[in-house]
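Here is an informal tour of one protein model. Have the sequence and the 3D view open as you read.

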Amino acid sequence: MTSSAHLRCMAIAAAWVVLCGVVSSSAAQAERPPNLVFILADDLGWRDLGGYGGDLADTPRLDKLAAEGMRFTNAYAPAPICSASRASFLTGRSPARLHFEFVTKPPGVKPPVRAVEPPPYTRDLPLAEVTIAEALAPRGYTTGFFGKWHVNEHYQRYLGWSPTHGPRKQGFHAPIETFGSHPYAGESSVKAGAAARDGEFPADEVTDSAIRFLEQHREKPFCLWLCHFYVHTPVRAPTKWLHEKYQPRTSEGPGDPERRAHYAAFLETLDHYVGQLLDALDRLELADNTLVVFTSDNGGHPEYAANGPLRGSKWNLYEGGIRVPLIARWPGKIDAGSTCDAPVIGGDILPTFCEAAGAALPEAPLDGRSLMPLLTGGCESWDSRPIVWHFPYYHPEKGYHEALPEIGVNDFAVSQTRPQSALREGRYKLLYFHEDGRSELYDLAADPSEAHDLSRQERRRSKQMTARLIDLLREQGARMPTTPKP
């Protein structure tokens with residue numbers, strides 16, 4: 001064999017080895033369960049993102065995420081308040097079934113009693129509850145938690161993780177506790193914001209920790225649970241240049257201009273940090289085999305977010321308090337630029353992730369339902385099911401009589417919330433008020449602002465849905481408000 005022929009043979013052999021390696025790697029990726037990334041915003045309203053019609057702030061990265069995947073228009077948080085929703089996200093069980101309907105409180109703190117007496121506050125998510133991390137463990141997933149936990153009693157400081165009920169005790173392998181660049185961090189947040197030059201954002205340890213987790217665990221299937229503190233109060237922009245950017249935009253708009261400018265800056269800051277994580281998935285060549293889900297824990301804060309045309313806000317069960325953005329991206333599985341109008345709820349995340357991973361569901365009764373038929377087959381493949389909410393408390397806990405007596409649209413003020421439950425069936429939604437047994441009925445397709453109560457006009461439907469709601473709450477073992485003792 002001539003030297004040139006020998007070289008050609010060597011080149012062909014080398015190319016064949018490379019080709020086999022590529023094929024082998026591709027086959028391994030195809031056989032490997034998908035990575036799972038859950039990104040949760042705090043108090044993000046349904047209309048806050050550009051992709052949902054918001055015009056207050058620039059949110060290019062989240063808008064791009066929606067363009068690359070599926071945008072849900074009738075997605076709901078499990079509760080109108082933080083801890084209750086987070087417990088449901090983690091377990092796939094409703095706040096009513098979990099007996100975790102409010103934010104965590106220490107022993108001895110009692111809810112305010114007025115016409116009816118609410119059930120006691122819940123302290124911790126019980127360790128007996130099976131979380132998404134524990135459900136995925138038999139499939140070999142490495143699970144990381146970063147950001148806001150808030151399903152245990154505050155330990156040593158506000159939002160401090162409990163050594164007995166924190167993420168590690170609930171199955172997460174690599175949790176890191178930090179406030180990052182959020183004002184919760186105090187002086188360190190102020191310094192980080194001051195150090196950021198114009199056009200730049202301060203480093204966020206919550207996001208950076210999540211990215212390090214990706215880098216360290218990229219070789220095996222992982223589930224990343226990233227819960228941002230943004231855009232929760234205190235709403236104080238960490239960067240002066242960003243606050244100044246939005247002052248002209250909010251000067252003549254609704255609400256307090258200065259508050260809204262800070263809020264707009266918070267929105268773009270959240271968007272930037274989500275973009276950093278998505279960039280890391282691309283850089284590490286993980287995006288194609290990763291299901292990313294983004295949503296919020298409840299509706300927008302009444303003093304900052306413009307939830308209109310939806311009525312209400314965080315802390316009540318009108319649409320503005322529970323309808324939230326929900327975006328899912330999985331290249332090759334979810335059609336880019338798709339939209340789904342089917343009503344879904346945050347408790348659906350655990351069964352969705354379990355089905356995507358090929359993991360068995362927990363044995364305890366679940367209230368969530370896998371969204372995989374919607375994500376991979378479109379909304380036409382979905383059968384309607386009833387969705388229930390239960391909020392048996394008064395809010396605000398202090399200053400109740402100073403709050404607005406009625407709940408409206410874009411009030412930009414805290415309103416009085418009374419113990420209530422709600423049921424959505426198809427296009428209709430019913431709210432039930434525990435003080436007097438009164439119901440309100442709305443046709444959301446015709447009246448998304450919940451301005452026209454149909455309970456008298458459609459008495460039969462109202463009675464049937466009220467009975468259905470009470471039956472479902474009983475089936476879930478819900479704790480009901482009671483008549484106060486004399």
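What follows covers the cysteines, the two biggest pockets and a couple of individual residues.

Keep in mind that this is a predicted model.

**Cysteines**

Let's start with the sulfurs. The count comes to one disulfide, and the bond runs from Cys340 to Cys379, with an S to S distance of 1.9 Å. This pair ties together distant parts of the chain, 39 residues apart: Cys340 belongs to strand 8 (residues 338-340), while Cys379 is in the loop between helix 12 (372-377) and strand 10. Cys340 counts as buried because its relative accessibility is 0%. Cys379, on the other hand, counts as partly exposed, at 23%.

Now for Cys223. The closest cysteine sulfur to that of Cys223 is in Cys354, 9.3 Å off, so the gap is too far for a bond. A disulfide would need the two sulfurs within 2.5 Å. Cys354 is likewise in no disulfide. Cys223 is buried at 0% relative accessible area, and Cys354 is buried with a value of 0% too.

**Pockets**

Next, the open spaces. Here are the two pockets by volume and lining class.

| Pocket | Volume | Nonpolar residues | Polar residues | Charged residues |
|---|---|---|---|---|
| Largest pocket | about 360 Å³ | seven | seven | five |
| Second largest pocket | about 270 Å³ | eight | six | six |

The largest pocket has a volume of about 360 Å³. Its lining takes in 19 residues, and those closest to the centre are Tyr158, Lys314, Trp315, His395 and Glu397.

For the second largest pocket, the lining comes to 20 residues, with Asp367, Pro386, Ile387, Val388 and Gln476 nearest the centre. Which elements each supply at least two residues of the lining of the second largest pocket? They are helix 4 (95-98), strand 10 (387-391) and helix 13 (459-475).

**Two residues to click on**

Thr142 sits in strand 4 (residues 142-147). Is Thr142 buried or exposed? Thr142 counts as buried, because its relative accessibility is 16% and the cut-off for buried is under 20%. Beyond its neighbours within four places in sequence, Thr142 is in contact with His173, Phe213, His217, Pro221, Phe222 and Cys223. That last partner, Cys223, is the buried cysteine from above.

Arg456 is found in the loop between strand 13 (438-443) and helix 13. At 70% relative accessibility, Arg456 counts as exposed. Its C-alpha atom is separated by 8.8 Å from that of Glu440, and the two residues are 16 apart along the chain.

Technical notes. Residues are numbered from 1 along each chain as its sequence is written. This is a predicted model: local features need pLDDT of at least 70, side-chain atom pairs count only at pLDDT 80 or more; totals for chains, interfaces and linings use all residues. Side-chain values use heavy atoms; hydrogens and water are left out. Helices (H or I, at least four residues) and strands (E, at least two) are DSSP runs, numbered from the N terminus. Buried means under 20% relative accessible area, exposed over 50%, partly exposed in between (1.4 Å probe, protein chains only). Contact means heavy atoms within 4.5 Å. On a 1 Å grid over the protein atoms alone, a cavity is a set of points where a 1.4 Å probe fits but cannot get out, and a pocket is an open set with protein on both sides within 12 Å along at least five of seven lines; lining residues have an atom within 4 Å of a point. Grid points are joined across faces, edges and corners, and a volume is the space filled by probe spheres set on the points. Ala, Val, Leu, Ile, Met, Phe, Trp, Tyr, Cys and Pro count as nonpolar, Asp, Glu, Lys and Arg as charged, and the others, Gly among them, as polar.
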